[in-house]
Amino acid sequence: MNIKKKIREHGWTLEQLAAEMKGKDGAKGVSQPAVSNIVNGNPTLDKLVEIASIIGVSVSELLANDNEQVNSFTCPHCGNPLQIIIHG
């Protein structure tokens with residue numbers, strides 16, 4: 001999983017992403033180092049959803065390795081495979 005690579009593949013820079021993300025106070029815009037920490041560390045599901053929404057992809061695509069199918073991805077915290085079940 002390389003979130004930063006996926007961000008670049010979709011035409012975004014970390015600086016552009018930082019400008020679109022919401023800070024802790026809900027205001028638009030966070031620092032580029034904060035975004036770098038998020039994508040290089042263990043991002044929360046909320047942050048993954050926010051990043052995916054901003055760059056226009058699904059969370060599963062954001063987390064997918066190049067050799068994985070889009071609907072298959074691993075947990076950024078523990079590395080275990082995850083399965084999404086949507087109840088309608």
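Reader: What is the relative accessible area of lysine 47?
Author: A word on the ground rules: this is a predicted model, where local features need pLDDT of at least 70, side-chain atom pairs count only at pLDDT 80 or more, and totals for chains, interfaces and linings use all residues. Residues are numbered from 1 along each chain as its sequence is written, and side-chain values use heavy atoms, with hydrogens and water left out. Buried means under 20% relative accessible area, exposed over 50%, and partly exposed in between (1.4 Å probe, protein chains only). Lysine 47 is partly exposed, and its relative accessible area is 23%.

Reader: Which side chain meets that of lysine 47 in a salt bridge?
Author: A salt bridge needs a side-chain nitrogen of Lys or Arg within 4 Å of a carboxyl oxygen of Asp or Glu. Helices are DSSP runs (H or I, at least four residues), as are strands (E, at least two), numbered from the N terminus. The partner sits three residues from lysine 47 in helix 4, so about one helical turn separates the two. With 3.4 Å from N to O, that partner is glutamate 50.

Reader: Is glutamate 50 buried or exposed?
Author: Glutamate 50 touches Glu20, Met21 and Lys22, leaving aside neighbours within four places in sequence (contact means heavy atoms within 4.5 Å). A polar atom of its side chain also lies 2.6 Å from the backbone nitrogen of lysine 22. The relative accessibility of glutamate 50 is 17%, and the residue therefore counts as buried.

Reader: How far apart are the closest N and O atoms of glutamate 20 and lysine 28?
Author: Side chains of opposite charge can pair when their charged atoms come close. The structure holds two salt bridges. In the one between glutamate 20 and lysine 28, glutamate 20 is partly exposed at 34%, while lysine 28 is exposed at 58%. The closest N and O atoms of this pair are separated by 3.1 Å.

Reader: What is the C-alpha separation of leucine 48 and serine 60?
Author: Leucine 48 belongs to helix 4 and is buried, because its relative accessibility is 3%. Its contacts, not counting residues up to four places away in sequence, include Val59, Leu62 and Leu63. Leucine 48 and serine 60 are twelve residues apart along the chain, and their C-alpha atoms are separated by 9.5 Å.

Reader: Which element gives the most residues to the largest nonpolar core?
Author: A nonpolar core is a set of buried Ala, Val, Leu, Ile, Met, Phe, Trp, Tyr and Cys residues joined through side-chain atoms within 4.5 Å. The largest one has 18 residues, and those with the most contacts inside it are Ile7, Leu17, Ile51 and Leu62. Helix 1, helix 2, helix 3, helix 4 and helix 5 (59-63) each give two or more residues. With five residues, the one that gives the most is helix 4.

Reader: What arc do the buried residues of helix 3 cover around the axis?
Author: In helix 3 (residues 32-40), the buried residues are Val35, Ser36, Ile38 and Val39. They sit on the same side of helix 3, because the arc, taken over directions from the helix axis to the C-beta atoms, is only 160°.

Reader: What pattern does the protein follow along its sequence?
Author: Of its 88 residues, 33% count as buried. The protein has five helices and two strands. Read along the sequence, these follow the pattern α-α-α-α-α-β-β.

Methods
Polar contact = N/O pair within 3.5 Å; in protein donor to acceptor, adjacent residues only side chain to side chain.
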